[in-house]
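Work through the exercises below with the sequence and the model open. Try each task before reading its solution.

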There are 2 protein chains.
Amino acid sequence: MSEQNRAPSSPTISEVADAAGVGRATVARTLGGYGSVSGPTRERVLRAAKQLGYRPNAIARSMTTGETKTLGVVLADVGNPFFAGVLKAFTDTVHRHGYDVLVLSTDENLAKEADAVGVLVDKQVDGIVLASAAGRDAPPAHLELVQSRGIPLVLVDRLFDGTDLDTVVINNREAAFEAVSELIGNGHQRIGFVWGPVTVEPATGPRQMEAIIARSLSSDGERLRGYLDALDKAGIEFDTSLVTHVLKNEQQATRAVLGMLALVDPPTAIFATESDALVGTLLALRQRGLTYPDDVSLIGFDDSSWATVMSPPLSMVAQPLEQLGTVTAECLLERIAADTAPVATHVLEATFVPRASVAAPRR
Amino acid sequence: MSEQNRAPSSPTISEVADAAGVGRATVARTLGGYGSVSGPTRERVLRAAKQLGYRPNAIARSMTTGETKTLGVVLADVGNPFFAGVLKAFTDTVHRHGYDVLVLSTDENLAKEADAVGVLVDKQVDGIVLASAAGRDAPPAHLELVQSRGIPLVLVDRLFDGTDLDTVVINNREAAFEAVSELIGNGHQRIGFVWGPVTVEPATGPRQMEAIIARSLSSDGERLRGYLDALDKAGIEFDTSLVTHVLKNEQQATRAVLGMLALVDPPTAIFATESDALVGTLLALRQRGLTYPDDVSLIGFDDSSWATVMSPPLSMVAQPLEQLGTVTAECLLERIAADTAPVATHVLEATFVPRASVAAPRR
DNA sequence: GTGAAAGCGCTAACAG
DNA sequence: CTGTTAGCGCTTTCAC
């Protein structure tokens, strides 16, 4: 009541020192819990600090220590369940080690990504996690900025060819292979692949496909490779018209699938490599009055609880979101603690979750 | 090649000044784009800066300016699609104004929330957004910490009674009223409410219910009020056994719904107030071999694309996630720019999306 | 065991 | 128009 118009600024270490009748250094020692301070002095300092509601200014501390206890995460979109899930596990893990995280979204835009990395460098973060929007054969220039500043960096979800960076990914190729093989094992020969790497000039054969893959996100490319592997192993001929290369949103997926379904020899099964692709595919089926698995068998990527309540439940490839987050965190923390470990690529395992969206083709 | 062992440290403003043969201040002026600098000098500074790859140290800048250009967001769980969606819109908006965001999760734990807020205060963020885990009648102590430091604060999704804080919420009560009325309008009298406020002693009547609501999250309480309103308006008697008060996860929702379904007079319709509650409900129906809307009508909360591809598609209450994020951002930015606007509570509108999960009750 | 003092990199006020 | 100077709040030698 008598404190009206209290200055909205925090007490500094000097004020605490004055209040306790000691020097700044003594306060720092007491509160920092290092060096040695006599019992009574200690008491007085503690009391004065509590009294004033003292809280150390982390910015000032960073200024002298050179560490911010802040990590940066750069990803496509926090709103995407995949990234949101990875981020959750990541933040939880690093938080236990005293770090907080600055999250920046790029919307898969390389310029925004460069900006984001720049901001993190400027803000002196102690480490950076990046899910880059750049093609696997084109590690972007901002990586060098980070390295030249000696900031620990871990790549997640998407790797680069020919660079020497800590990376955490999943076995996309094998996972896709398994899923598509499941379809083939059920007798399917015409299998649609929804969401290959985005490109304006679709390949006419597996050979050109490799060129496209080299330029694309590693996650996209690897899933496509797995698809190609499975086809190849079964001796099924590759057909470009069964692979979409459109912009990644539901509407585009729906359009693309509608296109496939209109082919003279339409797919009897579809492998959707991401959540939105799957939704777009389901929408296309509905639009055509088709059901799964009767008319078309379905396997999706990125399992989530709704796949479970669909009727019939959807067979899915499940990515270990939580593990991706924790392994990335551990990898980065280790690199921060001691830059000694050899650079490594951690490949986590996706798991195929069979449910009821796959059956033998109609005819 | 000759740069092996390059020092992993950033050039400072002094180094640029030396390289350009001018004083530090001139460099600051040139790069900061304030004050005035002569053409040629400007040139030299710019060249030197680019040459050395100079980047201003944001920590040092914050030290003198007192602003960090960083905002803090404290919410239950980044992995939750609701919060992830709000966060995305929020970060996008503030980013356009030069701010980055530190994201902390509380898992609905008040102690973690206090920690999180403390960290943000210590890190000198320029503003804070909080979706508090505290009951609406019990604004937590850390709010005062924030205010005593003069840090702009905006509450989101959950409000407090009797405090004077900027707040952004949706019209939960009206939205729930509308949804439940829809059910009643279709002839339902026994309507289950999945996920009321968590409590160990369920109310035996509407009166005690009010006491429970006063202690709970405002979002939970308001939705329950809307349900009660609708029942009341239709003259339907309240039945405690149709309202769950369990921990918020799928399994608990399933168990609770299974319990309701086993009543002598089971519900013919269910209103699920959150995404996981809905999934849990669907799982319970399946377990009992029941279908919707034939056996039980369904309305969920938090619309998302999968509700669209369910068969039949689910009727849902859609929250304006994006708007929640942007309005929260604008509100906070305004408060930061000028602390003049009167404190306000922004109530955004949820919209009922009718699809095909509601029908008349069986008998 | 304790205080004084230097310095982190930057901005801003003040001379020149 | 430009250089010098004084801090921001903290940690960290270094004497006492």
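The exercises go from the whole chain to the chain contact, one helix, one loop residue and the DNA.

This is a predicted model, in which local features need pLDDT of at least 70, side-chain atom pairs count only at pLDDT 80 or more, and totals for chains, interfaces and linings use all residues. Residues are numbered from 1 along each chain as its sequence is written, while chains are lettered from A and ligands numbered from 1 in the order in which they are written.

**Exercise 1. Overall form**

Task: State what radius of gyration chain A has, and set it beside the value for a compact globule.

Solution. Start with the elements: chain A has 14 helices and 11 strands. These are DSSP runs, numbered from the N terminus, with helices (H or I) of at least four residues and strands (E) of at least two. Next, the globule rule is 2.2 Å times the number of residues to the power 0.38, and the radius is taken over C-alpha atoms. For 363 residues the rule gives a value near 21 Å, but chain A has 27 Å. Along the principal axes, the C-alpha atoms of chain A fill a box of roughly 90 × 45 × 35 Å.

**Exercise 2. Contact between the chains**

Task: Find which element of chain A gives the most residues to the side that touches chain B.

Solution. Count contacts, meaning residue pairs whose C-beta atoms, placed from the backbone, lie within 7 Å. On this count, 46 residues of chain A are in contact with 46 residues of chain B. Elements of chain A supplying at least two residues each include α4, α5 (81-95), β2 and α6. The most come from α5(A), with 7 residues. Finally, look at the strands: β2(A) and β2 of chain B (residues 100-105) run antiparallel and are joined by 2 bridges; strands pair if DSSP finds at least two bridges between them. One bridge partner is B:Val101, which faces A:Val103 in this pairing.

**Exercise 3. Helix α12 of chain A**

Task: Compare the expected span of α12(A) with the distance between its end C-alpha atoms.

Solution. The expected span is 1.5 Å times one less than the number of residues. With 13 residues α12(A) should span 18 Å, and its end C-alpha atoms are 18 Å apart, so the two agree. Now check burial: a residue is buried if 20 or more other C-beta atoms, placed from the backbone, lie within 10 Å of its own, exposed if 12 or fewer, and partly exposed in between. Of the 13 residues of α12(A), 11 are buried, including A:Leu278, A:Val279 and A:Leu282. The cover includes α5 and α11 (250-261) of chain A, together with α13 (305-309) of chain B. Just after α12(A), A:Gly289 takes a positive phi of about 70 degrees.

**Exercise 4. A loop residue**

Task: Decide whether A:Asn109 is buried, partly exposed or exposed.

Solution. A:Asn109 is found in the loop between β2 (100-105) and α6 (110-122) of chain A. A:Asn109 counts as partly exposed because it has 13 C-beta neighbours inside 10 Å. Its C-alpha atom is separated by 9.0 Å from that of A:Ser132, 23 residues apart along the chain.

**Exercise 5. The DNA strands**

Task: Name the element that gives the most residues to the surface near DNA strand D.

Solution. A residue is near a strand if its C-beta atom, placed from the backbone, lies within 6 Å of it. For DNA strand D there are 25 such residues, with A:Ile13 and B:Gly23 among the closest. The largest share comes from α4(A), with 5 residues. Around DNA strand C there are 25 residues, and A:Gly23 and B:Ile13 are among the nearest. There α4(B) gives the most, with 5 residues.

Definitions and conventions: Two residues are in contact if their C-beta atoms, placed from the backbone, lie within 7 Å.
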